[in-house]
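Good morning, and thank you for attending. I would ask everyone to look at the sequence and the structure on the screen before I begin.

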Amino acid sequence: MVYFNHTYKEGTALSKEKKLAKKEKKAAKKAAKLEKSQAASYAKLVKDIEKKNAKAEKKANKKGKPFVPAPIPTQEEAFAAQSGGKVKKIILMIILILLIVYLGYFLFMWFNYTAPTINVLPDETTTAEAGSNEPATYDRYVNEHQITTTPDVSVSEAKVLLKQVLHDNWSKLGYSSDPSSGSINYTSNIVSVNNVDCYVFTAGSKTYAVSTKLSSVYVNNNGKYEPLTFHDTDQMF
């Protein structure tokens, strides 16, 4: 019994040694193959650098400039630089893949998004009238009205406003009598006063500007439009 046990262990040890020897032999072959490949690559690199140096030297001699050859790295330095470049390429590739995945996910969510509906539980009165305990479903609110702004008025409407302003303020404007009963002429010009478009009129030897939205009236004093105001403001209402 002891003899068979001893023989089994010895055979197991021999088989492990054979496997280990095979692995070492295989690793040695790979190392030799890699070394041969690196040596060939390094020889090609040196040849290329020497070729570039020769061309550069010829150009420098023609131009009469000093020639500084490119240094030739050792085999270890060359492959260390290559391995560093490979790591950078791998990192950039991973970042690019992540960006593509993120963009794809964003587009998928964007095109598949649907606006949620609002489910509101009805109050007791609504439930009693409907006779049901099911929650009411309401569609999302949509404003059917158009957003509007104050429209521009016509020249005739602006003229009516100017006539009323002249009637109310003729004495403050330096007139001896009310000029609103006289002629008020539109000059066919539109000027911008305080970033507001205004119709230009002449009345009683003065020039006036009335906002196209009837928000203000101005009088031209020596080339400058000044507001005809109530409480020193150029906005009448």
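I shall begin with the whole protein and then turn to selected strands and a patch on the surface.

Please bear in mind that this is a predicted model. The protein contains four helices and seven strands. Following the sequence, their order is α-α-β-α-β-α-β-β-β-β-β. The protein has 237 residues, of which 16% count as buried. Its accessible surface amounts to about 19700 Å², and carbon and sulfur atoms account for 59% of that area. As for contacts, if we consider those between residues at least 6 apart in sequence, 35% join residues at least 24 apart.

Let us now turn to strand β5, which spans residues 206-211 and includes Ala209. Is Ala209 buried or exposed? Its relative accessible area is 0%, and the limit for a buried residue is under 20%, so Ala209 is classed as buried.

Which residues does Ala209 touch, apart from its neighbours within four places in sequence? Its contacts are Val191, Val193, Cys198, Tyr199, Ser216, Val217, Tyr218 and Tyr225. One of these, Tyr218, is also the bridge partner of Ala209 in β6. A further distance may help with orientation: from C-alpha to C-alpha, Ala209 and Glu226 are 9.4 Å apart, with a separation of 17 residues in sequence.

That brings us to the pairing of the strands. Strand β6, residues 217-221, pairs with β5 in the antiparallel sense, and three bridges connect them. Five residues lie between the strands in this hairpin, where Leu214 adopts a positive phi near 60°.

On to the next pair: β6 also pairs with strand β7, residues 224-227, again in the antiparallel sense and over four bridges. One of the partnerships here is that of Asn221 with Lys224 in β7. The hairpin of β6 and β7 has two residues between the strands, and Asn222 in the turn has a positive phi of about 55°.

Finally, I should like to direct your attention to helix α2, which covers residues 75-111 and contains Leu107. How is Leu107 classed by its accessibility? Its relative accessibility is 38%, which falls between the limits of 20% and 50%, and therefore Leu107 counts as partly exposed. Leu107 also belongs to a nonpolar surface patch of about 750 Å². The other residues that make this patch are Tyr102, Leu103, Phe106, Trp110 and Phe111.

Thank you for your attention; I would be glad to take questions.

Note on methods
Residues are numbered from 1 along each chain as its sequence is written. This is a predicted model: local features need pLDDT of at least 70, side-chain atom pairs count only at pLDDT 80 or more; totals for chains, interfaces and linings use all residues. Side-chain values use heavy atoms; hydrogens and water are left out. Patches are made of residues with over 30% relative accessible area and no salt bridge: like charges are joined within 9 Å, nonpolar side chains (Val, Leu, Ile, Met, Phe, Trp, Tyr) within 5 Å. Accessible areas come from the Shrake-Rupley method with a 1.4 Å probe; for residues, only the protein chains shown count as cover. A salt bridge is a side-chain nitrogen of Lys or Arg within 4 Å of a carboxyl oxygen of Asp or Glu. Buried means under 20% relative accessible area, exposed over 50%, partly exposed in between (1.4 Å probe, protein chains only). Contact means heavy atoms within 4.5 Å. Two strands pair if DSSP finds at least two bridges between them.
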